[in-house]
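Q: Could we go through this model together, beginning with how far it can be trusted and then turning to the aromatic residues?

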Amino acid sequence: MDPFWNQFFPDSSNPPDETSLQGWNQAPSIYQPNHPGASSGITLHQTIGSTVQASQSPNTASSAARVLKKSQSSLSAPDRSERKRQIDKDYRERVKINKMQMQLDFVNLTRENDSLKEENQSLKEDNASMNQTLTKQATMIDELRGDLLQLKRDHDKQNVLLETLTQYLADPLRIENETLKAENASLRKSGNLNGNVPQLLEEIAKLKLENKVGLAAAFLLDNMSFTGPSVGSGGRRAAFEFGKTHVVRPKGSHQATIVWLHGLGDNGSSWSQLLETLPLPNIKWICPTAPTRPISLFGGFPSTAWFDVGDLSEDAPDDVEGLDAAAAHVGNLLSTEPADIKLGIGGFSMGAATSLYSATCFVHGKYGNGNPYPANLSAVVGLSGWLPCSKTLKSKIGQEEAARRAASLPILLCHGKGDEVVPYKFGEKSSLALSSNGFQNSTFKSYDGLGHYTIPEEMEEVCGWLTSKLGLTG
């Protein structure tokens, strides 16, 4: 029941009928036709609101009684009946409006609830699809991990086998070779060479055959680990033909060109695939392939190499003729680049050695054979390599112009402390030789546990260093 009627008919749940209203003799003065509220446009809601508000005060009952008593004689029975009908009509109209509003609110809430149900169902389906995708990816990752572990186990077994072959074949053959050399020298000294020539030829032929077998095993081990030995020796020989050159075009604006050189037994294709994945879109990579030549270390067994290698030691002589030929090939590749492009050289293992030798030729202004060096280098990178001809480096930096080039040329050397092919001390001593001879802008980075290979951390270092030193933008 409306609060207004509830003040006067607390025991009824509906508004009073006409008979009850006629029997009620206490109509408030505000319902008089001449009351100011009627002429001033006060609505039923305002009247009821005022009455409800008055009923909330402490003196509600006494105040209402006084007002009703005062207006008792001012309204006739027909007027009261008319007023009651008007109030009842307003009341029912307001109830009707409220009912319509409630129905409209119910429809809106129903629509909103349906929309939320649809959205919830869509989210459930998306969540289920995402869970399926994540489950598949997790399964694929587990399979890949298993494959990698199996490959690692197979690789370790092969390395152990080849190392064993090298130990039991190559080392004894070297010892036997030295023994035969000593016997040969003794026979020559004693003058009995002519009588022992058949015996010597037979022993030498046998030694060569066995030596090739053992050194071939060492060659396979060198290739499987992407190896590259240290310094080497070699005499004058016929020129060798270089292999195929692979080019990685820049994905952005062409700002620099770098010639990258592979290691012993490798080729330019394998490194071009790796370099293409680096986040260096403004660099053009040129990856040539070294000539296939007999390698003295392998007993004449042929392999792709930038120069000849005769011995795995720091004191072995350098193959200057082979180094000059490789450096000249690199210089020719760079000499055709546009004049506004910055130039650089980099490489791995034997390729790093060739890059560092090229750097000394650039500083000196000419190759070891005296021919002029044609390119202007802006950066040099060497991974797991060494510096050839380090003992003669000081003589190349004597002139003022050479010293200026050496001081300003940026060089980055990286080497793993676990490298058993090109020992870590070779890289460390190469860095010391550069810095002590005026290469003030050289940097040496070492990596604990890293063998004769590259890792993402090392390549990230190379990318950041090249971006900084070459001033690459975009």
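**Confidence, fold and aromatic pairs**

Q: Before the details, what share of the long-separation contacts join residues at least 24 apart?
A: In this predicted model, 78% of the contacts between residues at least 6 apart in sequence join residues at least 24 apart.

Q: What is the average pLDDT?
A: The average is 78, and 68% of the residues score at least 70.

Q: Where does pLDDT stay under 50?
A: One such stretch is residues 21-58, with 49 contacts beyond four places in sequence. Another is residues 208-236, for which the model has 95 such contacts.

Q: And the secondary structure, how many helices and strands?
A: The protein has 14 helices and nine strands. Of its 474 residues, 38% count as buried.

Q: Turning to aromatics, how many pairs are there?
A: The count comes to eight aromatic pairs. One of them is tilted, Trp271 with Phe348, because the ring centres lie 5.7 Å apart and the planes meet at 40°.

Q: Where do those two residues sit?
A: Trp271 is in helix α8 and Phe348 is in strand β6, 77 residues apart. Both Trp271 and Phe348 are buried. They also belong to one aromatic cluster with Trp260 and Trp285.

Q: Tyr424 and Phe444 are paired too; why is Tyr424 classed as buried and Phe444 as partly exposed?
A: Tyr424 has a relative accessible area of 17%, so it falls under the 20% limit for buried. Phe444 has 24%, which means that it lies between the 20% and 50% limits.

Q: Which charged residue lies over the face of Phe362?
A: That is Arg405, at 5.8 Å from the ring centre.

Definitions and conventions:
Residues numbered from 1 in each chain as written. Predicted model: local features only at pLDDT ≥ 70, side-chain atom pairs only at ≥ 80, totals over all residues. Heavy atoms only, no water. pLDDT = per-residue confidence, 0-100. Contact = heavy atoms within 4.5 Å. Helix = DSSP H or I, 4+ residues; strand = E, 2+ residues; numbered from the N terminus. Buried < 20%, exposed > 50% of the residue type's maximum accessible area, 1.4 Å probe, protein only. Phe/Tyr/Trp six-rings, centres within 6.5 Å; stacked < 30°, edge-to-face > 60°. Lys NZ or Arg CZ within 6 Å of the ring centre and 35° of its normal.
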